[in-house]
Amino acid sequence: GAGTGAGEPVDATTAPADPNAAAASSATPAKEEKKEKLGALRATMAQWAAIGASPGVRAVLLLNTVFWMVNTGTQMSIIPFLLSDKYAFSLSNLGAIFAMTSLINVAASQPAAWLADRFSRKATIIPGIATVCACLATLPAVTDPAAAVALLAIWSLGGALLGTSPLAYVVDTTPAQYRAQAVALLRSSGDLGLLLGGALMGALVEHVSLPGATSFGAVILGLAVANFARTATTPIPAPR
C-alpha cells in the first residue's frame, strides 16, 4: 500500500499546529496595545514635567487649587449657614443674595478680562485674590446684615477680577505643543480644590469654629497668591 515515506512532502493542512507559535501570535496584539498605552502615558508625563518646569505655572496651578478649595468650602458651603443662623435670612433671601453675586460676576467678567489684557494677568489675579482674602477674614466679625451682603458683593468682584486670568496666564506661558495639557492640568487643579473644599472647611467649622475656618482659608489663599506674585512672570505687555 501507499505509505508516507521519510522523503515525501508533508501536507501543511494536515500538519499539527505548533501551540507555542499560536500562543505567541495571539499575545502579540495585546503586548503591542500595552506598549502603546505605556508609551502614551510616558509621553503625557513628559509633557507634565515640561509644563511643571515653569515656576509661574506651578504657582498658578497651586493658587487655582487653593482658591477653589476655599471658595467651595466657604462661599458655597458654610457661608449660607452663617447668613441663615446669624442674620436669620430666609431661603428666598439666600437665593436673592447668591443671584446678586452671580449677576456681579456676569457684569464684571468682561471689564476684568479687558484689564488683564490691557495690563497683565498678575495685575488682575493678585488684587482679585487679595479682595477675596479680606472679605474672608472680615465676614465673621460683621454684625450688620447689610454689611454682610455688601462684603459678599465685594467678594464676588474679587472673584470676577480673578476670572479667566489663571487660564490666560497658563496659555501665555506654555509652549504651543503643551498648551492643551496645561489647560487640562489647570482644570484638574480646580476640580481638586472643589473636591477638598467642602469636607475640609466643614471639619474646621465643626472642630474649631467658623471664624477659624474662614481665617484659615484667608491665610492659605494669601500664601498661595504671595507665592504666585513672587514666582510668576509678566509675559504679555500692555497692548497699544
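I began with contact range in this predicted model, and found that, among contacts between residues at least 6 apart in sequence, 80% join residues at least 24 apart.

Next I looked up the secondary structure, which comes to eight helices and zero strands, so that my note of the order along the sequence reads α-α-α-α-α-α-α-α.

I then turned to burial and surface: of the 240 residues, 34% count as buried, while the accessible surface comes to about 13200 Å², with 66% of it belonging to carbon and sulfur atoms.

For the interior, I noted that the largest nonpolar core has 46 residues, and that Leu63, Leu83, Ile129, Leu139, Trp155, Leu221 and Phe228 are those with the most contacts inside it. Helices H2 (55-87), H3 (91-118), H4 (122-138), H5 (145-162), H6 (165-173), H7 (179-207) and H8 (210-231) each supply at least two residues of this core, and H2 gives the largest share, 14 residues.

I picked out Leu139 from that list and looked up its partners: leaving aside residues up to four places away in sequence, Leu139 touches Ile79, Leu82, Lys86, Tyr87, Ala148, Leu151, Leu152 and Trp155.

Last, I examined the largest pocket, whose volume is about 700 Å³. It is lined by 35 residues, of which Phe67, Trp68, Gly159, Gly163 and Thr164 are the closest to its centre. H2, H3, H5, H6 and H7 are the elements that give two or more residues to this lining, and the largest share, ten residues, comes from H3. By residue class, I recorded the lining of this pocket as 17 nonpolar, 14 polar and four charged.

Notes: Residues are numbered from 1 along each chain as its sequence is written. This is a predicted model: local features need pLDDT of at least 70, side-chain atom pairs count only at pLDDT 80 or more; totals for chains, interfaces and linings use all residues. Side-chain values use heavy atoms; hydrogens and water are left out. A nonpolar core is a set of buried Ala, Val, Leu, Ile, Met, Phe, Trp, Tyr and Cys residues joined through side-chain atoms within 4.5 Å. Buried means under 20% relative accessible area, exposed over 50%, partly exposed in between (1.4 Å probe, protein chains only). Helices (H or I, at least four residues) and strands (E, at least two) are DSSP runs, numbered from the N terminus. Contact means heavy atoms within 4.5 Å. On a 1 Å grid over the protein atoms alone, a cavity is a set of points where a 1.4 Å probe fits but cannot get out, and a pocket is an open set with protein on both sides within 12 Å along at least five of seven lines; lining residues have an atom within 4 Å of a point. Grid points are joined across faces, edges and corners, and a volume is the space filled by probe spheres set on the points. Ala, Val, Leu, Ile, Met, Phe, Trp, Tyr, Cys and Pro count as nonpolar, Asp, Glu, Lys and Arg as charged, and the others, Gly among them, as polar. Accessible areas come from the Shrake-Rupley method with a 1.4 Å probe; for residues, only the protein chains shown count as cover.
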